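Q: I am new to this structure and would like a close look at a single part of it, set against the chain as a whole. Please take me through it slowly, and explain any cut-off that the reasoning needs.

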Amino acid sequence: MGVDNIKASLMDKNHEYQKLLETYDDPGTKYAYDVLFTDKYLTGHDVQLACIRHLNDLKRQNNNDFPYTYDLSFVKAIEWFARSIPDPTDTSQLIVPMGWQSFILDSLIGWRDPANKGSRFHTAIVSVARQQGKTWLASILVNFFYFAIGVDETAQDYLVASYDSDHAKKLFDYVALQARAIIKMPEFKRQAKEQGIDPQTRQVIGHNTKNTISIGSAQAGGFDSKHNTIAVFDEIGNLQPRMNESVNQIISGQSKIANRLFMEVSTAYPNVKVKFKNDQDVMRKIMEQDNHEAEDTFMVIYRQDNDDEVFRPELWEKSNPLLGHPELKQQLLDGLVSLRDKQEREGELASFVNKSLNIWSRRFQNSFVSLANIKKNLTQSFDIKGREVYIGFDASQTNDNTSFGLIYPYKVGIQKRFFIQQYSFIPFAKAKSISAKEKQDGLPYRQLANQGLCEITRNPSGTINKQQVYEWLVKYVADNQLQVKFIIADPNLAAWFTKMIENYQRDWPLLTLAPTSQNLSNTTKDFQNRFIDGNIRLLDDPILIDGLNNAILIEDRGGAIKIDRQNWVSEHIDTVDALINAHMQAMDHFQGYQGDNYSPLNGMGDEESLDFFRVMFGSQKG
């Protein structure tokens, strides 16, 4: 179910869901409705999934296969509590929860399990970009469990944890600051005195009840001896797999507690193999399939829907819901844009993507060319007629595209530049259809073919049609009267192509080049530098720009580099591979150095070759 599809598929059911608001007028339910049926909020796929799940579950109440109820008395309790507790960063101020914050609080406390006289949700997966107030949410819940849910309990444990003690202490400080304010409130003053509640530096303890909020970390361990009513694991996205046992210890100790909650809170991190990322992926699939599994797990994730949105600030409310606050929006957005630009200049864009946009991505860690550098080299048009050209070729068969990369050297005054261009052939054998291939790659190939940027393979099987590829190049060179300086091809999959050139285009200088880091390192670095220096020009070609965006740099043990990609199914870099092949010879075009295979007669016909020597040695006749 795509981001737009969730809302679009529900539009004709507005009245059906609107009726729910007659019974459930709480902030959380109103938020869920507004997300799906109004334009009040800008949200992504995962938030919309959480909202439709909530509304559908309200409708499922009283069904035999759904034992849970949404109790507005519990909702009112958490809403009152949240609005009565001071902001830990400024205890003179109260915080009025925004819609998204109420949705989380109301869901976790409002959904009940009457048969077991406890809460429905025992696991909560909450993820949002940094500086959005997730620590405030977590501290509100810890204190609500301690002061409200545990009001008559004794010897109960409450845990604030993280992967290391520093991060755990930060959350605990919020909890303790709020606790100091709570024990002075008229509603809790008597309880605090009778129980001897004492917010200390590293624990909140009831001296008379032995109810204790403590700090813990995965590094320190020791969770297996505790039975925590609530355990909040902050920044769990950075919990490395070798420490997963710490989570198992926490959860196993909670199993017999009716109102138990294990809350996973974090932004995204670079390592996509961690538990928090896996938990999200598993739960997302369950919610998308709506198969009513994991009924005791709540999940809402505020994140961007794809990497490309890093350069679309107008969409950042998806991961930064505080941007929906009219009084905060402009200041927050300006700060985010400034941070994005700064971190991109410093080569730290990956950190911005993880932390500020909440995307699990390593794409920007070693990006080959930044989108900003691509954009500054764009041009509206370029006349290739009659020009010298270096042609790189990257072949494929069933899934990857087959691409030509063409480089045209030219000068503007004394400035030496290269205009680059691609042309691709699109197979669909592995995807089974061109429609599925377009969806997989995220590119409208048939539309782009109509624009003259690619061709769909003519083979009914969906494999590359070799004759189609060869004939296009020959015709393109002839139609544009191009002077072929060199053709450079990877010998692995392009043996058929090099044989055709050798047999039928003997005037075209040909070089085969194995795609190793040793062969490509200097060329790759030079090509990257020319982008950075602004000496490349290209048209606004979605296929080429997508390839440049997908390309990352990898380094071998000897320090040599080449390009690669993160996702071998949907991320294609064939166009960039072809251009780097072409640049192997093009980069020396202005240097007077032509390489070992250079001949002064390259590109000349028989008569032109004779004229070359006649001019050089003064024997020209007539």
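A: A residue is called buried when its relative accessible area is under 20%, exposed when that area is over 50%, and partly exposed in between. The model is a predicted one, and with these cut-offs in hand its chain of 622 residues can be described as having 55% of them buried.

Before the close look, here is the setting. The C-alpha trace spans about 115 × 50 × 45 Å along its principal axes, and the secondary structure comes to 23 helices and 22 strands. Of the contacts with a separation of 6 or more, 71% are between residues 24 or more positions apart. The accessible surface amounts to about 28200 Å², with 47% of it belonging to carbon and sulfur atoms. Three domains divide the chain, namely domain 1 (6–302), domain 2 (309–357) and domain 3 (371–587), and the C-alpha centres of domain 2 and domain 3 are 33 Å apart.

The part to look at closely is the second largest pocket, which has a volume of about 770 Å³. Its lining is made by 27 residues, and those lying nearest its centre are Gln131, Gln132, Gly133, Lys134 and Tyr174. Strand S3 (90–94), helix H8 (134–149) and helix H9 (165–182) are the elements that give two or more residues to this lining. By character, the lining residues divide into nine nonpolar, ten polar and eight charged. As for where this pocket sits, it lies between domain 1 (6–302) and domain 2 (309–357), because both of them give residues to its lining.

Two residues in loops also deserve attention for their backbone angles. Most residues other than glycine have a negative phi. Lys117, although not a glycine, has a positive phi of about 50 degrees, and its place is in the loop between strand S4 (111–113) and strand S5 (118–119). With a relative accessibility of 75%, Lys117 counts as exposed, because the cut-off for that word is over 50%. Ala294 is not a glycine either, and its phi is positive at about 50 degrees; this residue is found in the loop between helix H12 (275–289) and strand S13 (297–301). The relative accessible area of Ala294 is 26%, so Ala294 is partly exposed, since that value falls between the 20% and 50% cut-offs given at the start.

Technical notes
Residues are numbered from 1 along each chain as its sequence is written. This is a predicted model: local features need pLDDT of at least 70, side-chain atom pairs count only at pLDDT 80 or more; totals for chains, interfaces and linings use all residues. Side-chain values use heavy atoms; hydrogens and water are left out. On a 1 Å grid over the protein atoms alone, a cavity is a set of points where a 1.4 Å probe fits but cannot get out, and a pocket is an open set with protein on both sides within 12 Å along at least five of seven lines; lining residues have an atom within 4 Å of a point. Grid points are joined across faces, edges and corners, and a volume is the space filled by probe spheres set on the points. Helices (H or I, at least four residues) and strands (E, at least two) are DSSP runs, numbered from the N terminus. Ala, Val, Leu, Ile, Met, Phe, Trp, Tyr, Cys and Pro count as nonpolar, Asp, Glu, Lys and Arg as charged, and the others, Gly among them, as polar. Domain bounds come from an automatic or database domain assignment. Buried means under 20% relative accessible area, exposed over 50%, partly exposed in between (1.4 Å probe, protein chains only). Contact means heavy atoms within 4.5 Å. Accessible areas come from the Shrake-Rupley method with a 1.4 Å probe; for residues, only the protein chains shown count as cover.
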